[in-house]
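Biologist: Before we discuss this protein, please place the sequence and the coordinates in front of us. I shall then ask about particular parts in turn.

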Amino acid sequence: MSRILIVEDEERIASFIRKGLTAGGFTTTVVGTGAEAVDYAVTGGFDLMLLDLGLPDTDGFDVLRRVRSLGVEIPVVILTARDGVRDTVTGLEIGADDYVTKPFRFEELLARVRLRMRRERTGETTVLQAGGLALDLRTRRVAVDGDTVDLTAREFALLELLMRHPGQVLSRQQMLSHVWGYDYDPGSNVVDVFVRALRRKVGAGRIVTVRGMGYRLAD
């Protein structure tokens, strides 16, 4: 059974994650400080670490740097309320394997945990490509026809969702659930706003509107 180290000082959130992962078939250990996280990580007894950045004794980035400097190669998924592109890039550049922003739906987190662990076993590629777009899941960098573009964490997650389902029409409800962790609100236009922003960065013709249904990645 796979073992996951949860580094989260908010008891309510830690309990929510632990219960969900336990139900999903994982063994979990919860710690609330950076010092404990390093001590547990170096034992080699864990298959993945979920790391919050806002810890009481140190910043989660410092924990990650310390773990990597000690040669620990455990996959690390950052789980935080910080959704700025600078924080995302920093985390991935210093050794994180994925970056999930709060609030989140547990189903998405569980899917990302399983995907990360499956990649570790199979060596699966971490770069998605489609029609001149290249999306690197590890470095969180996106290139359009070879030129790098800067995306926010939400824009990246939205593009990733579209690229994982090429040619498939995704409803606004699916996008809200996967990217924002919200239940569908017929009055919300957040998906449309982010699609417009994404089109400005990757090219208007690359995301197609399907009236009455949603959006899909262009062929």
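**Helix, annotated site and domains**

Biologist: What distance separates the end C-alpha atoms of helix H1, and which span should its 13 residues have?

Modeller: This is a predicted model. Helix H1 comprises the 13 residues 11–23, and at 1.5 Å a residue these should span 18 Å. The separation of the end C-alpha atoms agrees with that expectation, being 18 Å.

Biologist: Over what arc around the axis are the buried residues of H1 spread?

Modeller: The buried residues of H1 are Ile13, Ala14, Ile17, Gly20 and Leu21. They are on the same side of H1, because the arc that they cover around the axis is only 140°.

Biologist: Which residues are exposed on the other side of H1, and which residue with a positive phi follows the helix?

Modeller: On that other side, the exposed residues are Glu11, Arg12, Lys19 and Ala23. After H1 comes a residue whose phi is positive, near 100°, namely Gly25.

Biologist: Is Asp52 buried or exposed?

Modeller: In an unreviewed entry, UniProt places the feature "modified residue: 4-aspartylphosphate" at Asp52. The residue is found in the loop between strand S3 (48–51) and helix H3 (60–69). Its relative accessibility is 5%, and the cut-off for burial is under 20%. Asp52 therefore counts as buried.

Biologist: With which residues is Asp52 in contact, leaving aside its neighbours within four places in sequence?

Modeller: Contact here requires heavy atoms within 4.5 Å. With those neighbours left aside, the contacts of Asp52 are Val7, Glu8, Asp9, Gly60, Leu79, Thr80 and Lys102.

Biologist: Which three residues supply 50% of the area that domain 1 buries against domain 2?

Modeller: The protein is divided into domain 1 (3–117) and domain 2 (152–217), with C-alpha centres 27 Å apart. Contacts between the domains involve 11 residues of domain 1 and 11 residues of domain 2. The area buried between them is about 840 Å², and carbon and sulfur atoms give 42% of it. On the side of domain 1, the three residues that supply 50%, more than any other three, are Pro103, Arg105 and Glu108.

Biologist: Is Arg112 buried or exposed, and which residues does it contact beyond its neighbours within four places in sequence?

Modeller: Arg112 is found in helix H5, residues 106–122. Because its relative accessibility is 11%, Arg112 counts as buried. Leaving aside those sequence neighbours, Arg112 is in contact with Asp98, Val100, Arg140 and Glu160.

Definitions and conventions:
Residues numbered from 1 in each chain as written. Predicted model: local features only at pLDDT ≥ 70, side-chain atom pairs only at ≥ 80, totals over all residues. Heavy atoms only, no water. Helix = DSSP H or I, 4+ residues; strand = E, 2+ residues; numbered from the N terminus. Expected span 1.5 Å × (residues − 1). Buried < 20%, exposed > 50% of the residue type's maximum accessible area, 1.4 Å probe, protein only. Arc of directions from axis to C-beta. UniProt positions renumbered as here; feature names shortened; annotations may be inferred. Domains from an automatic or database assignment. Buried area = accessible area lost by both parts, 1.4 Å probe.
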